[in-house]
Amino acid sequence: MRDFDGDVKYHMGYSTDIDGRYGGARAHHIGAQPSHLEAVDPVVEGIARARIDREHKSEDAVVPILVHGDAAVAGQGVVYELVQMAELDGYRAGGTIHLVVNNQVGFTTNYLDARTSIYCTDVAKATHCPVLHVNADDAEAVVTAVASHWNTASGGTAMCSSTCSAIGSTATTRATSPSSPSPNCTRPSSSIPMHGSCICSSWSRKAPSTTPRPTAMRAEVEAKLDTAMEAAKSSEKIHVTNFLGKLWERLTG
């Protein structure tokens, strides 16, 4: 375990094993991302390729998932380099799911001043990768898009980009808001219910008999978060499992 305080938690990375629905534990790793840029992308691809070569001997056993912002995926050159190298024998990792959260916020830059292309995902055209444009307010549509990309990626496609097109209510952990660069877009979207409410309403329309279920699930999750918050208040520092800790144990003893 490692103690730290005062940093954005995903900067440290995270590793854990999650039991699969059909049995067997699945290893999940969040890459250590010390920057808000896209420098972590090739690191994640390298970890995936290393696990393919050293452990699994199959590209179907590992799926890299990269989450981007719309301004970063269009503006950071490392993304284009990653796309171009993704099918090379020395670098390929069997396909990658690129999930782009498109809230039209480049920190404080309007998208019209940030790129020439129509879509932020047009970098995918370099290798003719499929791009699915999904309304982020429809959580089930997002899951379906990611699942379809999962199947496509495991079939050998190098890059698959999934764009969530809804504007978010907040931009970053800082004091930035979409209302700064995109006030005309943000005002109408401010009246849209939060995602949890949208999911509950969707389930109620499709299957009225299930209405109590999402409400109960939401209450259960909120209760867990409240419990975790109270526990966090009693701790001066956060305890985080070392990134790739189990793998390092083999080398360090």
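**Salt bridges and the surroundings of alanine 27**

Lysine 233 and glutamate 230 are both exposed, where exposed denotes a relative accessible area over 50%, buried one under 20%, and partly exposed the range in between, as computed with a 1.4 Å probe on protein chains only. The model is a predicted one, in which local features need pLDDT of at least 70 and side-chain atom pairs count only at pLDDT 80 or more, whereas totals for chains, interfaces and linings use all residues. Residues are numbered from 1 along each chain as its sequence is written, and side-chain values use heavy atoms, with hydrogens and water left out.

Lysine 233 and glutamate 230 form a salt bridge in which the closest N and O atoms are 3.5 Å apart, a salt bridge being a side-chain nitrogen of Lys or Arg within 4 Å of a carboxyl oxygen of Asp or Glu. Both residues belong to helix 7, where a spacing of 3 residues places them about one turn of the helix apart; helices (H or I, at least four residues) and strands (E, at least two) are taken as DSSP runs and numbered from the N terminus. By the salt-bridge rule, the count comes to 8, and shared partners join Glu59, Glu87 and Arg92 into one network.

Within that network, arginine 92 forms a salt bridge with glutamate 87, for which the closest N and O atoms lie 2.6 Å apart. The two partners fall into separate accessibility classes, since arginine 92 is buried, with a relative accessible area of 15%, while glutamate 87 is partly exposed at 42%.

A further salt bridge links glutamate 222 with arginine 218, the closest N and O atoms being 3.4 Å apart. These two residues are 4 residues apart in helix 7, which spans residues 212-233, and are therefore separated by about one helical turn. Glutamate 222 is partly exposed, with a relative accessibility of 39%, and arginine 218 is likewise partly exposed, with a value of 35%.

Apart from the charged pairs, alanine 27 was examined in its own setting. Alanine 27 is located in strand 3, which comprises residues 25-30, and counts as partly exposed because its relative accessibility is 42%. When its neighbours within four places in sequence are left aside, alanine 27 is in contact with Thr16, Asp17 and Arg51, contact meaning heavy atoms within 4.5 Å. Between alanine 27 and valine 62, which are 35 residues apart along the chain, the C-alpha atoms are separated by 9.6 Å.
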